[in-house]
Amino acid sequence: MKTKGFVAAVAVSSALSLVAALAPSSVAPANGDTATNRTTGLTTDHNPLSGYEGYCTWGAQEQIHVHAGYYVKALTGNAEDWANQAKAAGWTVVGEAQPRSIAVYSSSLVGGVGHVAWVDAVNGGDITITEMNLGPGATAANGYRTAGFNEFDTRTTRDVPGMSYILIP
């Protein structure tokens, strides 16, 4: 009789654990985030942009790894395509600047193939970003390289209409 009670308790406990594991997770907002739900797609333990060291996309993946401990598997193409790639892969993408996110600049905003950067902080219409490989002189002829190629830089800039943000839990 005691064995049956124990088995029933384990079954109920296992069922509750399964329900908790299947329930959607929500990550508490950090640093004043206003988004309450940050969905996550597939991650990987290596930078999927190996071979593109020094470009903004490679640098943004490295910043994700530094802050979250993983790389985002779906983010492999041109910078301006990242918001659509992220949405398609199940990540939360918003139009409002959020700390702990990837800012996505379209080519219409910065030229070339767009730009991506890690958002460290948001203060009103200003965003503080850590980025790689953006600046005057980036052209197709020079491989979109600037003085900042393969070097991280942190600066404060404006959040402008048309930018997207991939939220990183």
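What follows is a walk through this predicted model, from its overall layout down to a few individual residues.

Some ground rules come before the tour. Residues are numbered from 1 along each chain as its sequence is written, and side-chain values use heavy atoms, with hydrogens and water left out. As this is a predicted model, local features need pLDDT of at least 70 and side-chain atom pairs count only at pLDDT 80 or more, while totals for chains, interfaces and linings use all residues.

Let's start with the big picture. The protein chain has four helices and eight strands; helices (H or I, at least four residues) and strands (E, at least two) are DSSP runs numbered from the N terminus. Read from the N terminus, the order is α-β-α-β-α-β-β-α-β-β-β-β. Of the 169 residues in the protein chain, 33% are buried. Here buried means under 20% relative accessible area, exposed means over 50%, and partly exposed is in between, with a 1.4 Å probe and protein chains only. The protein chain exposes about 9,100 Å², and carbon and sulfur atoms supply 56% of that area; accessible areas come from the Shrake-Rupley method with a 1.4 Å probe, and for residues only the protein chains shown count as cover. As for contacts (heavy atoms within 4.5 Å), take those between residues at least 6 apart in sequence: 62% of them join residues at least 24 apart.

Now look at helix 2, residues 56-68. Its 13 residues should span 18 Å at 1.5 Å a residue, and the end C-alpha atoms are indeed 18 Å apart; the expected span is 1.5 Å times one less than the number of residues. In helix 2, the buried residues include C56, T57, W58 and G59, and A60, Q61, E62, Q63 and I64 are buried too. What do the buried residues of helix 2 pack against? They pack against strand 2 (71-72), helix 3 (82-88), strand 4 (101-105), strand 5 (115-123), strand 6 and strand 7. Just after helix 2 comes G69, with a positive phi of about 85 degrees.

Next, the strands. Two strands count as paired if DSSP finds at least two bridges between them. Strand 4 and strand 5 pair in the antiparallel sense over five bridges, and Y105 stands opposite H115 in strand 5. Strand 5 and strand 6 also run antiparallel, joined by five bridges. In that pairing, N123 has D126 of strand 6 as its bridge partner. The two strands form a hairpin with two residues between them, and G124 in the turn has a positive phi of about 65 degrees.

D126 turns up again in the side-chain chemistry. The structure holds two salt bridges, each being a side-chain nitrogen of Lys or Arg within 4 Å of a carboxyl oxygen of Asp or Glu. In one of them, R158 meets D126 at 2.7 Å, N to O. That pair links distant parts of the chain, with R158 in strand 7 (residues 152-158) and D126 in strand 6 (residues 126-132), 32 residues apart. R158 is partly exposed at 49% relative accessible area, and D126 is partly exposed at 28%.

The other salt bridge joins E131 and R155 at 2.3 Å, N to O. Here E131 sits in strand 6 and R155 in strand 7, 24 residues apart. Are these two residues buried or partly exposed? E131 is buried, with a relative accessible area of 5%, whereas R155 is partly exposed at 29%.

Strand 7 also holds F152, which counts as partly exposed at 40% relative accessibility. Leaving out residues up to four places away in sequence, F152 touches G59, E62, Q63, T130, E131 and M132. F152 and G54 are 98 residues apart in sequence, yet 8.9 Å apart in space, C-alpha to C-alpha.

Another long-range pairing involves T39, in the loop between helix 1 (2-22) and strand 1 (43-44). T39 is partly exposed at 29% relative accessibility. The C-alpha atoms of T39 and L167 are separated by 7.9 Å, with their positions 128 residues apart along the chain. Setting aside neighbours within four places in sequence, T39 is in contact with G90, W91, T92 and P169.
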